[in-house]
Amino acid sequence: MRLQQVVKEERRPRDFDPRAYISTWTEKDLLHGKVVDAWVIIFRTRGCYWARASGCSMCGYVNDVAQEVAPSDLLHQLDTVLARHESQPMVKVYTSGNFFDDHEVVPEVRNRILSELGDRCDKVIVETLSHLLRRNHLEQALEHVDELEIALGLESTDERVLRYAVNKVWGLKEHAQAAGLAREAGATVKTYLLLKPPFLTERESIEDAIRSSHDADPHSDTISINPVNVQSRTIVDRLFRRGEYRPPWLWSVVEVLERTRDLRAHVKSHPTAAGMARGAHNCGKCDRRIANAIEEFSLGLRRDFDDLSCDCKGVWRAYVAAQEFMLSPADPFATLET
Ligand code: SF4
Ligand SMILES: [Zn+2]
(Lines give C-alpha, C1' and ligand atoms only; values in the text may rest on other atoms or scores of the structure.)
(Ligands and ions follow the chains in the order given, each with its own letter.)
Protein backbone atom coordinates (compact mmCIF):
# COMPACT_ATOMS: atom_id res chain seq x y z
CA MET A 1 0.00 0.00 0.00
CA ARG A 2 1.35 3.44 -0.82
CA LEU A 3 2.59 5.64 2.03
CA GLN A 4 0.20 8.46 1.09
CA GLN A 5 -2.78 6.16 1.53
CA VAL A 6 -1.54 4.65 4.81
CA VAL A 7 -0.98 8.09 6.34
CA LYS A 8 -4.52 9.13 5.46
CA GLU A 9 -6.12 5.96 6.77
CA GLU A 10 -4.66 6.48 10.26
CA ARG A 11 -6.80 9.59 10.71
CA ARG A 12 -10.18 9.77 12.45
CA PRO A 13 -12.23 12.95 11.90
CA ARG A 14 -13.64 14.33 15.16
CA ASP A 15 -16.23 16.99 15.90
CA PHE A 16 -14.98 20.27 17.34
CA ASP A 17 -16.61 23.60 18.05
CA PRO A 18 -15.53 25.82 15.13
CA ARG A 19 -15.88 28.92 17.34
CA ALA A 20 -13.30 27.71 19.88
CA TYR A 21 -9.58 28.29 19.26
CA ILE A 22 -7.35 25.30 19.92
CA SER A 23 -4.91 26.71 22.45
CA THR A 24 -2.89 29.71 23.60
CA TRP A 25 0.09 30.07 25.93
CA THR A 26 3.18 32.18 26.55
CA GLU A 27 6.74 30.92 26.13
CA LYS A 28 10.20 32.45 25.98
CA ASP A 29 11.83 33.47 22.69
CA LEU A 30 14.49 35.80 21.34
CA LEU A 31 13.64 39.25 20.00
CA HIS A 32 16.45 41.57 18.93
CA GLY A 33 18.91 39.52 20.97
CA LYS A 34 16.83 39.69 24.17
CA VAL A 35 14.77 36.95 25.84
CA VAL A 36 11.11 38.02 25.80
CA ASP A 37 7.66 36.54 26.34
CA ALA A 38 6.23 35.16 23.11
CA TRP A 39 2.49 34.67 22.81
CA VAL A 40 1.46 31.52 20.93
CA ILE A 41 -2.04 31.25 19.42
CA ILE A 42 -3.38 28.17 17.69
CA PHE A 43 -6.55 28.94 15.77
CA ARG A 44 -8.94 26.20 14.77
CA THR A 45 -9.49 26.14 11.00
CA ARG A 46 -10.46 23.48 8.49
CA GLY A 47 -6.77 22.54 8.68
CA CYS A 48 -3.95 21.92 6.29
CA TYR A 49 -5.10 21.05 2.79
CA TRP A 50 -2.21 18.62 2.46
CA ALA A 51 -3.30 16.82 5.63
CA ARG A 52 -6.79 16.46 4.20
CA ALA A 53 -5.42 15.00 0.96
CA SER A 54 -2.81 12.75 2.61
CA GLY A 55 -0.45 14.53 5.04
CA CYS A 56 2.96 14.30 6.63
CA SER A 57 3.78 11.06 8.39
CA MET A 58 4.43 12.63 11.81
CA CYS A 59 1.65 15.24 11.77
CA GLY A 60 -1.28 14.84 14.13
CA TYR A 61 -2.46 18.45 13.90
CA VAL A 62 -5.23 17.35 11.60
CA ASN A 63 -6.81 15.63 14.62
CA ASP A 64 -7.49 19.06 16.17
CA VAL A 65 -9.18 20.76 13.24
CA ALA A 66 -12.88 21.20 12.61
CA GLN A 67 -14.54 19.98 9.43
CA GLU A 68 -15.48 23.52 8.39
CA VAL A 69 -14.86 26.89 10.02
CA ALA A 70 -16.75 29.90 8.69
CA PRO A 71 -15.04 33.32 8.55
CA SER A 72 -17.39 34.50 11.33
CA ASP A 73 -16.26 31.54 13.52
CA LEU A 74 -12.63 32.46 13.04
CA LEU A 75 -13.34 36.10 13.89
CA HIS A 76 -15.09 34.92 17.06
CA GLN A 77 -11.96 32.93 17.97
CA LEU A 78 -9.88 36.05 17.35
CA ASP A 79 -12.06 38.27 19.54
CA THR A 80 -11.95 35.70 22.35
CA VAL A 81 -8.22 35.20 22.25
CA LEU A 82 -7.39 38.92 21.99
CA ALA A 83 -8.71 39.34 25.52
CA ARG A 84 -5.87 37.05 26.65
CA HIS A 85 -3.10 39.37 25.46
CA GLU A 86 -0.94 40.69 28.26
CA SER A 87 2.12 42.60 27.13
CA GLN A 88 3.96 40.01 25.04
CA PRO A 89 5.90 41.84 22.30
CA MET A 90 5.97 38.82 19.99
CA VAL A 91 3.19 36.54 18.74
CA LYS A 92 3.33 33.23 16.89
CA VAL A 93 0.20 32.31 14.95
CA TYR A 94 -0.52 28.72 13.98
CA THR A 95 -3.62 27.29 12.35
CA SER A 96 -2.74 23.57 12.26
CA GLY A 97 -2.35 24.39 8.61
CA ASN A 98 -1.40 27.29 6.38
CA PHE A 99 -2.02 30.93 7.22
CA PHE A 100 -1.73 31.93 3.56
CA ASP A 101 -4.14 29.34 2.19
CA ASP A 102 -7.16 31.40 1.09
CA HIS A 103 -9.44 28.39 1.54
CA GLU A 104 -8.36 28.01 5.14
CA VAL A 105 -8.14 31.67 6.20
CA VAL A 106 -9.99 34.01 3.83
CA PRO A 107 -8.11 37.24 3.03
CA GLU A 108 -10.51 39.50 5.01
CA VAL A 109 -10.06 37.42 8.17
CA ARG A 110 -6.32 37.16 7.61
CA ASN A 111 -6.05 40.96 7.37
CA ARG A 112 -8.12 41.43 10.52
CA ILE A 113 -5.91 38.94 12.46
CA LEU A 114 -2.77 40.68 11.26
CA SER A 115 -4.07 44.15 12.00
CA GLU A 116 -5.23 43.27 15.55
CA LEU A 117 -1.97 41.45 16.35
CA GLY A 118 0.15 44.07 14.60
CA ASP A 119 -1.42 46.74 16.84
CA ARG A 120 -0.51 44.78 19.98
CA CYS A 121 2.85 43.14 19.18
CA ASP A 122 6.15 44.27 17.64
CA LYS A 123 6.73 41.01 15.81
CA VAL A 124 4.25 38.57 14.25
CA ILE A 125 5.22 35.08 13.07
CA VAL A 126 2.89 33.10 10.80
CA GLU A 127 3.32 29.64 9.34
CA THR A 128 2.57 28.35 5.85
CA LEU A 129 3.67 25.78 3.30
CA SER A 130 6.26 27.43 1.05
CA HIS A 131 4.48 26.91 -2.28
CA LEU A 132 1.36 28.75 -1.03
CA LEU A 133 3.18 32.03 -0.35
CA ARG A 134 2.63 34.89 -2.85
CA ARG A 135 4.09 38.37 -3.12
CA ASN A 136 0.69 40.02 -2.53
CA HIS A 137 0.24 38.03 0.73
CA LEU A 138 3.44 39.55 2.03
CA GLU A 139 2.69 43.07 0.84
CA GLN A 140 -0.74 43.01 2.47
CA ALA A 141 0.59 41.53 5.70
CA LEU A 142 3.29 44.18 5.97
CA GLU A 143 0.64 46.90 5.80
CA HIS A 144 -0.50 45.72 9.24
CA VAL A 145 2.66 44.39 10.87
CA ASP A 146 6.00 46.09 11.53
CA GLU A 147 8.09 42.94 11.81
CA LEU A 148 6.87 39.84 10.03
CA GLU A 149 8.45 36.40 10.10
CA ILE A 150 7.35 33.64 7.75
CA ALA A 151 7.77 30.16 9.23
CA LEU A 152 8.13 27.41 6.63
CA GLY A 153 8.15 23.67 7.31
CA LEU A 154 10.95 22.38 5.10
CA GLU A 155 11.59 19.26 7.28
CA SER A 156 14.57 18.00 5.23
CA THR A 157 16.44 18.92 2.07
CA ASP A 158 16.87 15.29 1.03
CA GLU A 159 14.28 14.49 -1.64
CA ARG A 160 14.21 10.81 -0.65
CA VAL A 161 13.64 11.60 3.03
CA LEU A 162 10.86 13.99 2.07
CA ARG A 163 9.18 11.54 -0.25
CA TYR A 164 9.59 8.25 1.62
CA ALA A 165 9.83 9.28 5.29
CA VAL A 166 7.94 12.56 5.65
CA ASN A 167 5.46 12.12 2.78
CA LYS A 168 5.97 15.66 1.52
CA VAL A 169 6.52 16.58 -2.10
CA TRP A 170 7.95 20.11 -1.79
CA GLY A 171 11.59 20.69 -0.92
CA LEU A 172 14.48 23.12 -0.97
CA LYS A 173 13.56 24.61 -4.37
CA GLU A 174 10.11 25.77 -3.20
CA HIS A 175 11.56 26.81 0.15
CA ALA A 176 14.25 28.98 -1.46
CA GLN A 177 11.65 30.63 -3.71
CA ALA A 178 9.35 31.46 -0.78
CA ALA A 179 12.27 32.66 1.34
CA GLY A 180 13.37 34.92 -1.52
CA LEU A 181 9.89 36.43 -1.80
CA ALA A 182 9.67 36.95 1.95
CA ARG A 183 13.03 38.65 2.17
CA GLU A 184 12.39 40.87 -0.87
CA ALA A 185 9.21 42.08 0.82
CA GLY A 186 11.08 42.80 4.07
CA ALA A 187 10.10 39.76 6.16
CA THR A 188 12.42 37.27 7.84
CA VAL A 189 12.33 33.49 7.47
CA LYS A 190 12.15 30.70 10.02
CA THR A 191 12.83 27.21 8.72
CA TYR A 192 11.55 24.12 10.50
CA LEU A 193 13.58 20.94 10.08
CA LEU A 194 12.75 17.52 11.49
CA LEU A 195 14.96 15.37 13.60
CA LYS A 196 14.14 11.69 13.15
CA PRO A 197 11.24 11.22 10.78
CA PRO A 198 10.15 7.56 10.61
CA PHE A 199 12.24 4.92 8.79
CA LEU A 200 15.56 6.69 9.52
CA THR A 201 18.05 5.39 12.05
CA GLU A 202 19.23 7.71 14.82
CA ARG A 203 22.52 8.31 12.97
CA GLU A 204 20.86 8.88 9.58
CA SER A 205 18.48 11.38 11.16
CA ILE A 206 21.27 13.32 12.89
CA GLU A 207 23.24 13.57 9.65
CA ASP A 208 20.09 14.50 7.71
CA ALA A 209 19.25 17.35 10.10
CA ILE A 210 22.82 18.69 9.99
CA ARG A 211 23.06 18.49 6.19
CA SER A 212 19.60 20.04 5.78
CA SER A 213 20.52 22.90 8.16
CA HIS A 214 23.57 23.71 6.07
CA ASP A 215 21.53 23.57 2.83
CA ALA A 216 18.81 25.79 4.30
CA ASP A 217 21.17 28.29 5.93
CA PRO A 218 21.30 30.75 2.97
CA HIS A 219 17.49 30.83 2.94
CA SER A 220 16.87 31.18 6.68
CA ASP A 221 17.22 33.72 9.46
CA THR A 222 16.31 31.14 12.09
CA ILE A 223 16.42 27.36 11.83
CA SER A 224 14.32 25.44 14.32
CA ILE A 225 15.18 21.77 14.74
CA ASN A 226 11.99 19.88 15.59
CA PRO A 227 12.63 16.47 17.16
CA VAL A 228 9.68 14.30 16.13
CA ASN A 229 7.22 13.53 18.91
CA VAL A 230 4.72 10.73 18.65
CA GLN A 231 1.31 12.21 17.88
CA SER A 232 -1.83 10.09 17.91
CA ARG A 233 -3.21 8.64 14.73
CA THR A 234 -0.05 8.94 12.68
CA ILE A 235 2.28 6.48 10.98
CA VAL A 236 4.86 7.37 13.64
CA ASP A 237 2.35 6.37 16.33
CA ARG A 238 1.72 3.05 14.62
CA LEU A 239 5.45 2.29 14.43
CA PHE A 240 5.98 3.45 18.04
CA ARG A 241 3.32 1.07 19.36
CA ARG A 242 5.05 -1.81 17.56
CA GLY A 243 8.51 -0.96 18.99
CA GLU A 244 9.70 0.16 15.58
CA TYR A 245 10.14 3.83 16.41
CA ARG A 246 11.75 5.67 19.29
CA PRO A 247 11.73 9.50 19.34
CA PRO A 248 15.25 10.94 19.10
CA TRP A 249 17.60 11.06 22.06
CA LEU A 250 18.22 14.49 23.57
CA TRP A 251 21.92 13.71 22.96
CA SER A 252 21.09 13.68 19.24
CA VAL A 253 19.52 17.15 19.51
CA VAL A 254 22.69 18.32 21.30
CA GLU A 255 24.89 16.89 18.52
CA VAL A 256 22.84 18.65 15.82
CA LEU A 257 23.03 21.99 17.67
CA GLU A 258 26.78 21.60 18.23
CA ARG A 259 27.49 20.75 14.60
CA THR A 260 25.46 23.67 13.22
CA ARG A 261 27.17 26.38 15.25
CA ASP A 262 29.04 27.46 12.10
CA LEU A 263 25.83 28.61 10.40
CA ARG A 264 24.84 32.22 9.86
CA ALA A 265 21.22 31.54 10.82
CA HIS A 266 20.31 31.23 14.48
CA VAL A 267 19.82 27.48 15.07
CA LYS A 268 17.62 26.43 17.96
CA SER A 269 15.34 23.68 19.21
CA HIS A 270 12.36 23.53 21.55
CA PRO A 271 11.60 19.81 21.77
CA THR A 272 7.91 19.06 22.37
CA ALA A 273 7.28 16.62 25.26
CA ALA A 274 11.00 16.49 26.10
CA GLY A 275 11.78 13.78 28.62
CA MET A 276 8.54 11.88 27.93
CA ALA A 277 8.32 8.51 26.18
CA ARG A 278 6.56 10.15 23.21
CA GLY A 279 9.00 13.07 22.96
CA ALA A 280 12.79 13.38 22.61
CA HIS A 281 14.27 11.77 25.71
CA ASN A 282 17.36 10.25 27.30
CA CYS A 283 17.55 7.91 30.28
CA GLY A 284 15.00 9.62 32.55
CA LYS A 285 17.58 10.83 35.10
CA CYS A 286 19.25 13.53 33.00
CA ASP A 287 16.34 14.58 30.76
CA ARG A 288 15.32 17.73 32.64
CA ARG A 289 18.95 18.93 32.83
CA ILE A 290 19.67 18.32 29.13
CA ALA A 291 16.32 19.77 27.99
CA ASN A 292 17.00 22.90 30.07
CA ALA A 293 20.45 23.21 28.48
CA ILE A 294 18.91 22.93 24.99
CA GLU A 295 16.43 25.67 25.93
CA GLU A 296 19.24 27.90 27.28
CA PHE A 297 21.27 27.34 24.11
CA SER A 298 18.23 28.20 21.97
CA LEU A 299 17.73 31.46 23.86
CA GLY A 300 21.39 32.40 23.42
CA LEU A 301 22.10 31.88 27.13
CA ARG A 302 24.79 29.18 26.64
CA ARG A 303 27.37 28.56 23.93
CA ASP A 304 28.03 24.81 24.24
CA PHE A 305 27.16 21.62 26.09
CA ASP A 306 30.65 20.72 27.32
CA ASP A 307 29.63 20.64 30.99
CA LEU A 308 26.89 18.04 30.47
CA SER A 309 27.34 14.33 31.03
CA CYS A 310 25.38 11.26 32.09
CA ASP A 311 26.03 7.52 32.01
CA CYS A 312 23.39 7.22 29.29
CA LYS A 313 25.62 8.99 26.78
CA GLY A 314 27.43 5.65 26.34
CA VAL A 315 24.08 3.89 25.96
CA TRP A 316 23.11 6.41 23.26
CA ARG A 317 26.35 5.64 21.37
CA ALA A 318 25.67 1.90 21.68
CA TYR A 319 22.09 2.43 20.48
CA VAL A 320 23.33 4.25 17.38
CA ALA A 321 25.89 1.49 16.69
CA ALA A 322 23.33 -1.30 17.27
CA GLN A 323 20.94 0.15 14.68
CA GLU A 324 23.75 0.25 12.14
CA PHE A 325 24.59 -3.38 12.93
CA MET A 326 20.92 -4.44 12.76
CA LEU A 327 20.49 -2.52 9.49
CA SER A 328 17.18 -1.31 10.90
CA PRO A 329 15.66 1.92 12.22
CA ALA A 330 13.66 -0.14 14.77
CA ASP A 331 14.23 0.53 18.47
CA PRO A 332 16.93 -2.00 19.54
CA PHE A 333 15.71 -1.95 23.18
CA ALA A 334 12.14 -2.71 22.18
CA THR A 335 13.37 -5.47 19.88
CA LEU A 336 15.28 -7.13 22.75
CA GLU A 337 12.46 -6.72 25.27
CA THR A 338 9.54 -8.05 23.22
S1 SF4 B 1 3.17 18.97 9.00
FE2 SF4 B 1 2.32 20.88 8.16
S3 SF4 B 1 2.27 20.49 5.92
FE4 SF4 B 1 2.46 18.49 6.89
S5 SF4 B 1 0.35 17.76 7.07
FE6 SF4 B 1 0.89 18.76 9.02
S7 SF4 B 1 0.17 20.87 8.85
FE8 SF4 B 1 0.24 19.99 6.75
ZN1 LIG C 1 21.00 10.21 31.17
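Let's start with the metal: the zinc ion (ligand 2) is held by four sulfur donors, Cys283 (SG), Cys286 (SG), Cys310 (SG) and Cys312 (SG), at 2.3 Å. Keep in mind that this is a predicted model.

How are those donors laid out? Along the chain, the donors of the zinc ion (ligand 2) follow the spacing C-x2-C-x23-C-x1-C. In space, the 4 donor atoms subtend angles of 103 to 112° around the zinc ion (ligand 2), so the arrangement counts as tetrahedral. For reference, the ideal angle for four tetrahedral donors is 109.5 degrees.

Two of the zinc-binding cysteines have these relative accessible areas:

| Residue | Relative accessible area | Class |
|---|---|---|
| Cys283 | 37% | partly exposed |
| Cys286 | 0% | buried |

Now for the other ligand. Ligand 1 sits in the largest pocket. Around ligand 1 you'll find Cys48, Trp50, Ala51, Gly55, Cys56, Met58, Cys59, Leu129 and Lys168. That shell around ligand 1 splits into 7 nonpolar residues, 1 polar and 1 charged.

What about enclosed space? The structure has 1 cavity of 30 Å³ or more, and the largest cavity holds about 70 Å³ of space. Its lining is made up of Thr128, Leu129, Ser130, His131, Leu152, Gly153, Leu154, Lys168, Trp170, Gly171 and His175. Two names in that lining may look familiar: Leu129 and Lys168 line the largest cavity and also belong to the surroundings of ligand 1.

Key. Residues are numbered from 1 along each chain as its sequence is written. Chains are lettered from A and ligands numbered from 1 in the order in which they are written. This is a predicted model: local features need pLDDT of at least 70, side-chain atom pairs count only at pLDDT 80 or more; totals for chains, interfaces and linings use all residues. Side-chain values use heavy atoms; hydrogens and water are left out. A residue is near a molecule or strand if one of its heavy atoms lies within 4 Å of it. On a 1 Å grid over the protein atoms alone, a cavity is a set of points where a 1.4 Å probe fits but cannot get out, and a pocket is an open set with protein on both sides within 12 Å along at least five of seven lines; lining residues have an atom within 4 Å of a point. A molecule sits in a cavity or pocket if more than half of its atoms lie within 2 Å of its grid points. Ala, Val, Leu, Ile, Met, Phe, Trp, Tyr, Cys and Pro count as nonpolar, Asp, Glu, Lys and Arg as charged, and the others, Gly among them, as polar. Donors are N, O and S atoms within 2.8 Å of the metal (3.2 Å for Na, K and Ca); water is not among the atoms, so sites may look incomplete. Four donors count as tetrahedral if all angles lie between 85 and 135 degrees; four count as square planar and six as octahedral if opposite donors are over 155 degrees apart and all others between 65 and 115; anything else is irregular. Buried means under 20% relative accessible area, exposed over 50%, partly exposed in between (1.4 Å probe, protein chains only). Grid points are joined across faces, edges and corners, and a volume is the space filled by probe spheres set on the points.
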